[in-house]
Amino acid sequence: MDSVVDTFSQSWDFLVAAFGPPGPYYVIFMLAAVLIALSVPVLMRRRADPFDRLGGSGPRVAGPAAAAAAGGDAARLRYDSKNANLERLAPFLEPQNKEEYSAVRLLLMQAGYRSRSAVGTYHLARFVLGMGFLAIGVLSVLVRETPPSLPAMIFTIMVPGLVGYFMPQYWVVRRKQTRQEEITNGFPDALDLMLVCVEAGQSLDQAIMRVAREINVGFPALAEEFEIVSNEVRAGKDRTNVLRDMSERAGVADISAFVTVLIQSARFGTSISQALRVYAAEMRDKRIMRAEEKANVLPTKLTLGSMLFTVPPLLIILIGPSLYEIFDVLTGAGAGGL
């Protein structure tokens, strides 16, 4: 053990003598860059897909290029040339635990990212930003004239790396909150429009399609959810499962209650228009209550600003002249005594 420590100390002293105080950090940075460069070809290597060996009755499509040349929606659905390289890294980027993968997948869907490669892109962004900010921290240490202490060096390197690693998560959570707020604000208007469509003689599926078209300008997130419901129902999926999937994707309590109302109305055979009328009135009252709650909280939030920007100037105006006169008298008395 002592020989290893002595060898390390001698190597460190040699690098400092050869390249200056930042010399060892240069070597560590270059070694890390070389290791990353050597690991990239291994990560990009893709195993042969067994399904490629299967032949069909029709012409075989060799790959993304041939699929693009063939054209058509079927080729676009089967091949995704934009994410072909990302799919090779999927085993290394995506969580292997099903529960963790499902949780990340649900978070991204609630934030509006529902593509097939969303989970891989999310983890790739965390890795790239974490390593990029970590490299920035290392460079900030290397460019200094005097090497910092060990705690300061660790703080300078690790804090940017942690910021870059958790930045995508913060972005996704904020995007989820913004999207849920938009869905909550537009849901009462969508229910009123749906009630009008149902009472005009349209079915529930037609009403959902019409609502998705009408509210697309004001509330695109809610319109997208209704459009997904309409497409899945037309594709033959069970309406109950479709509505429950919508409730899970939205992650809003009002949507969950609305789905429960529709499922119970269909199960017990009650009028959908009556259920929509009662629930729409409840949603309007709930929106008014939310607005009143924000209005009642506003004076409390303004109190701190008023204290910070009103009380100090007022004290300066009222007490400032008196303090100046007292200071003037004390300085004059001190000068007279001398």
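Let's start with Leu-222, which sits in helix H11 of this predicted model. Leu-222 is buried, with a relative accessible area of 0%. Leaving aside neighbours within four places in sequence, Leu-222 is in contact with Ile-183, Gly-186, Phe-187, Ala-190, Ile-215 and Ile-255. Thr-184 is 38 residues away from Leu-222 in sequence, yet the two are 8.7 Å apart in space, C-alpha to C-alpha.

**The chain as a whole**

- The protein chain has 15 helices and zero strands.
- Out of its 338 residues, 27% are buried.
- About 22800 Å² of the protein chain is exposed, and carbon and sulfur atoms supply 64% of that area.
- Take the contacts between residues at least 6 apart in sequence: 60% of them join residues at least 24 apart.

**Aromatic rings**

- How many aromatic pairs are there? The count comes to four.
- One of them is Phe-187 with Tyr-279: the ring centres are 6.4 Å apart and the planes are at 70°, so this pair is edge-to-face. The cut-off behind that label is an angle over 60 degrees.
- Phe-187 belongs to helix H9 and Tyr-279 to helix H14, so this pair ties together parts that are 92 residues apart in sequence.
- Are Phe-187 and Tyr-279 buried or exposed? Both of them are buried.
- Tyr-279 also pairs up with Phe-258, and here the geometry is tilted, with 6.2 Å centre to centre and 35° between the planes.
- Phe-258 lies in helix H13 (residues 253-268) while Tyr-279 is in helix H14, so this pair ties together parts 21 residues apart in sequence.
- Phe-258 is buried too, just like Tyr-279.
- Put the ring pairs together and you get a cluster of Phe-187, Phe-258 and Tyr-279. Remember Phe-187 from the opening: that residue is also in contact with Leu-222.

**Salt bridges**

- Here's the basic idea: side chains of opposite charge can pair when their charged atoms come close.
- How many salt bridges turn up in the whole structure? A search finds twelve.
- Arg-114 forms one of them with Glu-225, and their closest N and O atoms are 3.0 Å apart.
- That pair links distant parts of the chain: Arg-114 is in the loop between helix H7 (98-110) and helix H8 (118-142), Glu-225 is in helix H11 (residues 220-234), and the two are 111 residues apart.
- Arg-114 is partly exposed, at a relative accessible area of 22%, whereas Glu-225 is buried, at 1%.
- Next up is Arg-284 with Asp-192, where the closest N and O atoms are 2.5 Å apart.
- Arg-284 lies in helix H14 and Asp-192 in helix H9 (residues 150-199), so this salt bridge ties together parts 92 residues apart in sequence.
- With 34% relative accessibility, Arg-284 counts as partly exposed.
- Now for a pair within a single helix: Arg-210 and Glu-214 both lie in helix H10 (residues 204-214), four residues apart, or about one turn of the helix.
- The closest N and O atoms of the Arg-210 and Glu-214 salt bridge are 3.0 Å apart.
- Arg-210 is partly exposed, with a relative accessible area of 32%, and Glu-214 is partly exposed as well, at 44%.
- Which residues do salt bridges with shared partners join into one network? They are Arg-114, Arg-179, Glu-224, Glu-225 and Arg-249.

**Ser-273 in helix H14**

- Ser-273 lies in helix H14, which covers residues 272-309.
- Its relative accessible area is 18%, so Ser-273 counts as buried; the cut-off for that label is under 20%.
- The side chains of Ser-273 and Ser-271 are joined by a polar contact of 2.9 Å.
- Setting aside neighbours within four places in sequence, Ser-273 is in contact with Leu-195, Val-198 and Glu-199.

**A nonpolar patch on the surface**

- A nonpolar surface patch of about 990 Å² is made by ten-odd names you can look up in the model, including Met-307, Val-311, Leu-314, Leu-315 and Leu-330.
- Where does the largest share of the patch come from? Helix H15 (residues 311-337) provides nine residues.
- Leu-315 is placed in helix H15 and is partly exposed, with a relative accessible area of 45%.

Methods. Residues numbered from 1 in each chain as written. Predicted model: local features only at pLDDT ≥ 70, side-chain atom pairs only at ≥ 80, totals over all residues. Heavy atoms only, no water. Patch = residues over 30% accessible without salt bridge, like charges linked within 9 Å, V, L, I, M, F, W, Y side chains within 5 Å. Areas by Shrake-Rupley, 256 points an atom, 1.4 Å probe, with all protein chains shown as cover. Salt bridge = Lys/Arg side-chain N within 4 Å of Asp/Glu carboxyl O. Buried < 20%, exposed > 50% of the residue type's maximum accessible area, 1.4 Å probe, protein only. Polar contact = N/O pair within 3.5 Å; in protein donor to acceptor, adjacent residues only side chain to side chain. Contact = heavy atoms within 4.5 Å. Phe/Tyr/Trp six-rings, centres within 6.5 Å; stacked < 30°, edge-to-face > 60°.
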